[in-house]
Amino acid sequence: MSDAPKLNEAQLADSVIPSGADPYALFNAWFAEAKESEPNDPNAMALATANTDGMPSVRMVLLKGHGATESGEGGFTFFTNAHSRKGGEIRLNMQASLLFHWKSLRRQIRIEGPLEEVTPERADEYFHSRPFKSQVGSAASEQSRPMEQRQDYLDLVEALWAEYEAAGKVPRPKHWTGFTLRPQRIEFWIDRDNRLHDRRQFDRPHSGGDWVDTLLYP
């Protein structure tokens with residue numbers, strides 16, 4: 001006879017992710033809770049891109065804008081050096097996936113869709129909203145490219161600091177920009193014991209169309 005504990009009410013409860021919800025509004029609600037519970041960077045998200053051969057790569061970036069009206073048509077925005085590995089892959093394949101994992105809440109959100117570059121004005125606005133030291137570090141970096149010695153980078157940082165300290169801001173490099181992911185699929189996931197997880201997927205295959213949601217097996 002099995003001595004395994006019986007399943008409890010919480011494990012056997014129906015889905016608590018509401019059908020028919022606006023996924024942007026649901027994201028906002030979860031994100032607000034994450035801001036209260038996560039010890040660091042609740043806006044940190046994994047960004048997955050792929051090259052034209054289909055080889056994927058993933059790294060952590062920070063969400064800097066989101067919502068139903070983000071960049072006009074709605075989405076999730078991040079910024080990067082377009083000369084980096086991820087920037088190069090994005091230029092060749094304007095599609096990506098995002099993953100938020102909030103361990104404190106035992107929740108995650110997966111988002112997939114095409115990418116659209118932000119306007120130069122939006123890139124300027126965000127670049128110059130950053131602290132001066134961050135502007136210097138970004139402008140000096142040839143992100144993801146080989147570096148013979150770290151001192152080469154530090155020398156350029158010092159040179160840019162001296163040149164622009166009086167102005168208090170650094171000109172945004174033209175290759176430093178941002179991208180907005182226009183979601184076609186958003187999946188919400190809640191952890192439950194014994195892998196009885198709660199998952200609901202929202203699909204929007206056509207821009208501006210209605211969202212259709214589906215419960216998924218764990």
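This presentation describes a predicted model of one protein chain, from its overall dimensions to its charged pairs and surface.

Good morning, colleagues. Let me begin with the chain as a whole. The protein chain contains 6 helices and 10 strands. The C-alpha trace spans about 75 × 45 × 35 Å along its principal axes. Of the 218 residues, 42% are buried. The accessible surface comes to about 12800 Å², and carbon and sulfur atoms account for 50% of that area. As for contacts in the chain with a separation of 6 or more, 63% of them are between residues 24 or more positions apart. The chain carries 26 positive and 32 negative charges, and the mean positions of these two sets are 1 Å apart.

I turn next to strand β4, which covers residues 75-81 and includes F76. How accessible is F76? Its relative accessibility is 0%, so F76 counts as buried. Setting aside residues up to four places away in sequence, F76 touches Y24, F27, L63, G65, H66, L98, I111, F179, T180, L181, P183 and I186. There is also a long-range relation to point out here: the C-alpha atoms of F76 and R182 are separated by 6.9 Å, although these residues stand 106 places apart along the chain.

T77 belongs to strand β4 as well. The relative accessible area of T77 is 0%, and T77 is therefore buried. Beyond its neighbours within four places in sequence, T77 is in contact with L62, L63, K64, G65, E70, S71, V118, R122, F179 and T180.

One of those contacts, S71, deserves a word on its backbone. Most residues other than glycine have a negative phi. S71 is not a glycine, yet its phi is positive, at about 50 degrees. S71 sits in the loop between β3, residues 65-67, and β4. With 31% relative accessibility, S71 counts as partly exposed.

Let me move to the helices. Which residues of helix α5 are buried? In this helix, spanning residues 132-140, they are F132, Q135, V136, G137, S138 and A140. Those buried residues pack against α4 (120-127), α6 and β7 (176-181).

Now to the charged pairs. Side chains of opposite charge can pair when their charged atoms come close. With a limit of 4 Å between side-chain nitrogen and carboxyl oxygen, the count comes to 15 salt bridges. I shall discuss three pairs and one network.

In the first pair I have chosen, D191 and R106 meet through their side chains, with an N to O distance of 2.2 Å. D191 is in the loop between β8 (185-190) and β9 (198-203), while R106 is in the loop between β5 (95-102) and β6 (107-117), so this pair ties together parts 85 residues apart in sequence. Both partners are partly exposed: D191 has a relative accessible area of 21%, and R106 has 42% relative accessibility. R106 also has a positive phi, of about 60 degrees, although this residue is not a glycine.

A further salt bridge joins D124 to R172, whose closest N and O atoms are 2.6 Å apart. D124 lies in helix α4 and R172 in the loop between α6 and β7, so parts of the chain 48 residues apart in sequence are tied together. Are these two partners buried or exposed? D124 has 31% relative accessibility and thus counts as partly exposed, whereas R172, at 17%, counts as buried.

The remaining pair is D213 with R200, a salt bridge with an N to O distance of 2.8 Å. This pair links distant parts of the chain, 13 residues apart, with D213 in strand β10 (residues 212-216) and R200 in strand β9. Both D213 and R200 are buried. Separately, R59, R85 and E89 are joined into one network by salt bridges that share partners.

I close with a feature of the surface. E148, D152, D155 and E158 form a negative surface patch. Where does E158 lie? E158 is found in helix α6, which runs over residues 150-164. Its relative accessible area is 55%, so E158 is exposed.

Thank you for your attention.

Notes:
Residues are numbered from 1 along each chain as its sequence is written. This is a predicted model: local features need pLDDT of at least 70, side-chain atom pairs count only at pLDDT 80 or more; totals for chains, interfaces and linings use all residues. Side-chain values use heavy atoms; hydrogens and water are left out. Patches are made of residues with over 30% relative accessible area and no salt bridge: like charges are joined within 9 Å, nonpolar side chains (Val, Leu, Ile, Met, Phe, Trp, Tyr) within 5 Å. Accessible areas come from the Shrake-Rupley method with a 1.4 Å probe; for residues, only the protein chains shown count as cover. Lys and Arg count as positive and Asp and Glu as negative; His and the chain ends are not counted. The place of a charge is taken as NZ of Lys, CZ of Arg, CG of Asp or CD of Glu. Helices (H or I, at least four residues) and strands (E, at least two) are DSSP runs, numbered from the N terminus. Buried means under 20% relative accessible area, exposed over 50%, partly exposed in between (1.4 Å probe, protein chains only). Contact means heavy atoms within 4.5 Å.
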